[in-house]
Amino acid sequence: MNPPKTDARRHHDPEVRGFASDNYAGAHPEVLAALALANGGHQVAYGEDAYTENLQRIVRSHFGASAEAFPVFNGTGANVVALQAVTDRWGAVICAESAHINVDEGGAPERMGGLKLLTVPTPDGKLTPELIDRQAYGWEDEHRAMPQVVSITQSTELGTLYTPEEIRAICEHAHAHGMKVHLDGSRIANAAASLNVPMRTFTNAVGVDILSLGGTKNGALFGEAVVVIDPDAVRRMKHLRKMSMQLASKMRFVSVQLEALLAKDLWLRNARHSNEMAQRLAEGVRAVHGVEILYPVQANAVFARLPHDVSERLQKRFRFYFWDESAGDVRWMCAFDTTEEDVDAFVAALKEEMAR
């Protein structure tokens, strides 16, 4: 059988590599194969298809017997829908100041979800019960948005990890105050791979109520899911997803990608590889005089500080972003398809630019 033809043309150089974001990577070949597998014939739209039904079984194997997955288009959509599901109109969300929902979602939680974010500065991107208490007050004060949810990110925006015990302490503390716990898991696979534990160990097993399950950063073409762990903690998820414009008509193509990642170990293989490449990158960078690594490298991110002019020259050779341009801080991300050769070429370029 001849391969299908297309009038589309390639508009990029597939040999160009970068360290700007794990979103820059394409889709894993096994995910593309799954999409082709799901493409034949007709399936019922809006989530009543066989692939979304099977996804529920897979998600329960990872997150417990009561878990239910609601596939959505993207991570921002997953976070906004999840947070809406566990708050009232007068509710507020406690999160780290560096949290993605606060700094990288264009105000979507506030504008689209109608939520007040109560932020807390953290040294490493992680909340603690003591830090949560800086914002956990005033439930009966009608002049203040009511804290109803604690949102944490695993792995964090700074590439650090919570231990299962740390998340348990947060959940117990939040629940004691009548608050729910949301976990932003856009890189949850990287966290599980680094901790060498199942995802359930730091989610349903320790008290997380609802989570955003990432796929795109770990090899999917598009698509994430809201996973409801405690069905008593949420209300009308189906309706919230629809009114938030996150209900895919051809949902089978989101669900089959998550199946490809989660049914066996593709999610873990991809995450382990990207984590290993970040460790290789960090080891190479540590040998470069004048470059400082800012945070522990625990997942697939490396944060560093180097001279601004060096970064600007290096960016012409490899794409990456400034994290805090005024301080000279940058972020380098590794993906499931980052190779040892990519890392070594980047480290060599860094050494060249530092020597100029």
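**Note on salt bridges, backbone geometry and a surface patch**

1. Arg269 and Asp265 form a salt bridge in which the closest N and O atoms are 3.1 Å apart. The model under review is a predicted one. Arg269 is partly exposed, with a relative accessible area of 39%, and Asp265 is likewise classed as partly exposed, at 37% relative accessibility.

2. Across the whole structure, a search finds 15 salt bridges. Side chains of opposite charge can pair when their charged atoms come close. Among the salt bridges is that of Arg235 with Asp88, at 2.8 Å from N to O. Arg235 lies in the loop between strand E7 (224-228) and H9, and Asp88 in the loop between helix H3 (75-85) and strand E2 (91-96), so the pair ties together parts that are 147 residues apart in sequence. Asp88 has a relative accessible area of 22% and is therefore partly exposed, the range for buried residues being under 20%.

3. A network of salt bridges links Asp309, Arg313, Arg317, Glu352, Glu353 and Arg356. Within this network, the side chains of Glu353 and Arg356 meet at 3.2 Å, N to O. The two partners are set differently with respect to the surface: Glu353 is buried, with a relative accessible area of 5%, whereas Arg356 counts as exposed at 68%.

4. The backbone deserves attention at Gln154 and Ser155, which are joined by a cis peptide bond with omega of about -5 degrees. Ser155 is placed in the loop between strand E4 (146-153) and helix H7 (164-176).

5. Tyr46 is not a glycine, yet has a positive phi of about 60 degrees. This residue is located in the loop between H1 and helix H2 (50-63). With a relative accessible area of 45%, Tyr46 is partly exposed.

6. Met245, also a residue other than glycine, has a positive phi, near 65 degrees. Its position is in the loop between helix H9 (237-243) and helix H10 (252-262). Met245 counts as exposed because its relative accessibility is 56%, the cut-off for that class being over 50%.

7. On the surface, Leu32, Phe73, Leu221 and Phe222 make a nonpolar patch of about 340 Å². Leu32 belongs to helix H1 (residues 29-38), and its relative accessibility of 42% places it in the partly exposed class.

Key:
Residues numbered from 1 in each chain as written. Predicted model: local features only at pLDDT ≥ 70, side-chain atom pairs only at ≥ 80, totals over all residues. Heavy atoms only, no water. Patch = residues over 30% accessible without salt bridge, like charges linked within 9 Å, V, L, I, M, F, W, Y side chains within 5 Å. Areas by Shrake-Rupley, 256 points an atom, 1.4 Å probe, with all protein chains shown as cover. Salt bridge = Lys/Arg side-chain N within 4 Å of Asp/Glu carboxyl O. Helix = DSSP H or I, 4+ residues; strand = E, 2+ residues; numbered from the N terminus. Buried < 20%, exposed > 50% of the residue type's maximum accessible area, 1.4 Å probe, protein only.
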